[in-house]
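Student: I have a new model open and would like to learn how to read it. Could you walk me through it?

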Amino acid sequence: MERNPMRRQLAIMRQSLFDQGHVDEQFVQLEELQDDANPNFVEEVVTLYYRDSARIILNIEQALERKPFDFRKLDAYMHQFKGSSSSIGAKKVKAESTLFREYCKSGNGEGCMRSFQQLKKEYATLRKKLGAYFQLARQAGPVETASRPK
Amino acid sequence: MLEGKQNGQVFKLPKVILLATNITNVELEKAKAAGFADTVIMKPMRASMAAACLQQVLGIGKKRQAGKNMLNGSMALQGLLCGKKILVVDDNMVHQRVVAGALKKFEVAVECRESGKAALKLLQRPYCFDAYFMDIQMPEMNGFEATHPIRMMESKANKQMNGGMDEDSGRKGEWHVPILAMTADVIHATYDALNAGWMDVSKPFEEAKLYQVVAEFFKSTRSNCFT
C-alpha cells in the first residue's frame, strides 16, 4: 500500500483505467518496458500514438466526405488505427475500430459513420483519462525521491 | 554470428516465428501441425515473449540445447541477446516503437524501417543482422515479398559455400537469418508462408517442444510482473 497519498491516488486512477475497460494488458506491457533507462516510455509511446492517430482520424474524416465511400481505403486507414491502438492497449478504441472495419467489409456506409462517431468519443475519453493519469504521475514524482507535490 | 568472411563461418538454421493477434488454440495447433511455426506469438509484441523467442532462434542453431538456457530467467536471456543486431520492419510507427523498446530492454541493437523497400536497402551490402522482425501485412510490400530477396541472397551465398564445412558439426554451411513474422491474421499468414516456402521442415518435433519451453518461460516471466 502506498504511503504517499498522491501515489495512492495514482494507483486508484490506474486501476480504474483497467476496470472501466479503457486499457488492456498491453498497457501493462508498456509499463514493464519503463525503467530507469526509459523513465517516460509509456507516455512517450502514448504521445506517439496521439500524433499517429490524429493523422489517421483526419484522413478518415476526409475520406468520409467523399461520396461514394471508398471502403477499401477506409478499411486500410482503420487497419492502421487499430494497429496503433492495439499497440498501446487502448481496449475500447480497438473494439470500435474492429466494428468500423466490419462495416467497411459489408459496405455499410451508415454503419461506418455511426461507428466512427462512437470511436472518436471513445478516443477523446481515453485521451482525457490518460492525460489526467500522466499529469498526476508527473506530480507524484519518481518513487524514490521525496518530492513535494505541486 | 554472421560475418562477411568467406570461410569458417558459423551458420544457423532458418527459423520462422509467427507473431499474431488473437490466436486461438485451434489456429495454433493448425500452424504447428502444418510444420510451419515452432512458435506463434501475439501481436502486439510482448516484451518477454519477443525476447524469449528471439533467444531461442538464435540459440538453437549452434547446439541442440533447446530448453537448457531458457529457464534460467531473464538474466540468462539478457546475456544471450546482448549485442545482437535486429532489424524491425513495420509500417506502424507505434508498434515499431513498442517492438524496439522490448528488444532494447535486452540490450539488443535495433534498426527500424517502415517498409520492405527501405529494409531491403540495408541488405545491399553484407549486413550483420542476427534476426528480422517483419510485419507481413504492410500495404506496399508484404513481409513475405521482402524476405524473398533475403533468402535469394542467402541461397546464393550458400551455393558459393557449397562444399565448405561447418566447423562445429561438419555439415554444409547454411546461411539463414531467422525471420520473425508479425501479423494480426495468423491463418492467412500461415498459408502465405507455406506458399512462400518459409516452412521449416527440418525438425518439427523439436519445434513443438520449443514452443512449450518458450511458453513455460513466458508464464514464469509473467508471474514476476505483478509485484
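Student: How many residues does the contact take from chain A and from chain B?

Tutor: Happy to help, and keep in mind that this model is predicted. Chain A brings 22 residues to the contact and chain B brings 19 residues. Together the two chains bury about 1700 Å², with 55% of it on carbon and sulfur atoms.

Student: Which three residues supply the most of the area that chain A buries against chain B?

Tutor: Those are A:Gln29, A:Glu32 and A:Leu33, which supply 29% of that area.

Student: What salt bridge does the rule find across the interface?

Tutor: A salt bridge pairs a side-chain nitrogen of Lys or Arg with a carboxyl oxygen of Asp or Glu, within 4 Å. Here the rule finds one across the interface: B:Arg97 meets A:Glu44 at 3.0 Å, N to O. On the chain A side, the elements giving two or more residues are helix 2 (25–33), helix 3 (41–65) and helix 4 (71–88). By class, that side has eight nonpolar, nine polar and five charged residues.

Student: How many residues are in the largest nonpolar core?

Tutor: There are 41, and A:Tyr49, A:Phe81 and A:Phe100 are among those with the most contacts inside it. Helix 3 of chain A gives the most, with 12 residues, while helix 4 (93–104) of chain B also gives two or more.

Student: What is A:Phe81 in contact with, leaving aside its neighbours within four places in sequence?

Tutor: Its contacts include A:Tyr49, A:Ile56, A:Val93 and A:Tyr123. A second, separate core has 12 residues, including B:Val89 and B:Tyr132.

Terms used:
Residues are numbered from 1 along each chain as its sequence is written. Chains are lettered from A and ligands numbered from 1 in the order in which they are written. This is a predicted model: local features need pLDDT of at least 70, side-chain atom pairs count only at pLDDT 80 or more; totals for chains, interfaces and linings use all residues. Side-chain values use heavy atoms; hydrogens and water are left out. Contact means heavy atoms within 4.5 Å. Buried area is the accessible area (1.4 Å probe) that two parts lose on being put together, summed over both. Helices (H or I, at least four residues) and strands (E, at least two) are DSSP runs, numbered from the N terminus. Ala, Val, Leu, Ile, Met, Phe, Trp, Tyr, Cys and Pro count as nonpolar, Asp, Glu, Lys and Arg as charged, and the others, Gly among them, as polar. A nonpolar core is a set of buried Ala, Val, Leu, Ile, Met, Phe, Trp, Tyr and Cys residues joined through side-chain atoms within 4.5 Å. Buried means under 20% relative accessible area, exposed over 50%, partly exposed in between (1.4 Å probe, protein chains only).
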